[in-house]
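Thanks for coming. I'll put the structure up and then go through a few places in it.

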Amino acid sequence: MKQYTITKFKNWESVPVVKIDTPYKYNVEGIEAAAQIAYTSDEILVHLFAKEKDIRKEETDVLGMPCHDSCLEFFFCPNPEEDRYFNIEFNPNGCMFLGFGVTNVQRITRLVVDPKELFDIKINYTSEGWEVFYKVPVEFITRFFPEFKLESGKMIRANLYKCGDYCVQPHYLTWCPVTPQVSAFHNPSKFGLMIFE
């Protein structure tokens, strides 16, 4: 099982980078992705970034499917002893999909009144692609996991994805390998372990 240490945030230069580089379904040429994850006393900070030439960004709706576009995703189980997880997905328009549940079939789409404000979403274009920064407040997580705390030694199970269903070059990359199957990304048993420093 892959592991990543979530560091206490000082600045982004000090946060370890984890590559999202395991191909799924297709061999991927010219597309790369990576992530940085850190934390403060009351937030998980997420930075996902991609190098890709043909960026697709069609989805804009609150109920849109950013996975059809160039998409970066973070899925995590706040309690490593159970399989309920959040899936947070973004495209370069800032279109966000937020799901919660046990499997893709049993998952519920969560609607947030103002996701850009709650998650402090920032999208940037770079010379080689694009990136998203956002924060997951503890207060949001504790609505579903009342005992959750951000503290040293805390563990979560998680996976990171780069995908693009309808891109010029359809692609699927993962941090932790997944088993080929329907809804393969939505399989918490294949998540890796993330440990808070």
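**Strands, one aspartate and the cysteines**

Strand β1, residues 3-8, and strand β4, residues 32-39, pair in the parallel sense over two bridges. One residue to find there is Thr-7, whose bridge partner in β4 is Ala-38. Keep in mind that this is a predicted model.

β1 also runs parallel to strand β14, residues 192-196, and four bridges join them. Here Gln-3 has Leu-193 of β14 as its bridge partner.

Next, Asp-83. Which loop holds Asp-83? The one between β6, residues 71-77, and β7, residues 85-90. Asp-83 counts as partly exposed because its relative accessibility is 35%. Beyond its neighbours within four places in sequence, Asp-83 is in contact with Cys-77, Gly-101, Val-102, Arg-157 and Pro-188. With Arg-157 there is a polar contact, side chain to side chain, at 2.7 Å. Phe-191 lies 108 residues from Asp-83 along the chain, and the two C-alpha atoms are 9.9 Å apart.

Last, the cysteines. How many disulfides does the structure hold? Zero. A disulfide is a covalent bond between the sulfur atoms of two cysteines. Why is Cys-67 not in one? Its closest cysteine sulfur is in Cys-163, and at 5.6 Å that is too far for a bond. For Cys-163, the closest cysteine sulfur is in Cys-71, at 4.2 Å, so that pair is too far for a bond as well. The cut-off is 2.5 Å between the sulfurs.

As for burial, Cys-67 counts as buried at 13% relative accessibility, and Cys-163 is buried with a relative accessible area of 2%. The cut-off for buried is under 20%.

Notes. Residues are numbered from 1 along each chain as its sequence is written. This is a predicted model: local features need pLDDT of at least 70, side-chain atom pairs count only at pLDDT 80 or more; totals for chains, interfaces and linings use all residues. Side-chain values use heavy atoms; hydrogens and water are left out. Two strands pair if DSSP finds at least two bridges between them. Buried means under 20% relative accessible area, exposed over 50%, partly exposed in between (1.4 Å probe, protein chains only). Contact means heavy atoms within 4.5 Å. A polar contact is a pair of N or O atoms within 3.5 Å; within protein, one must be able to donate a hydrogen and the other to accept it, and residues adjacent in sequence count only if both atoms are side-chain atoms.
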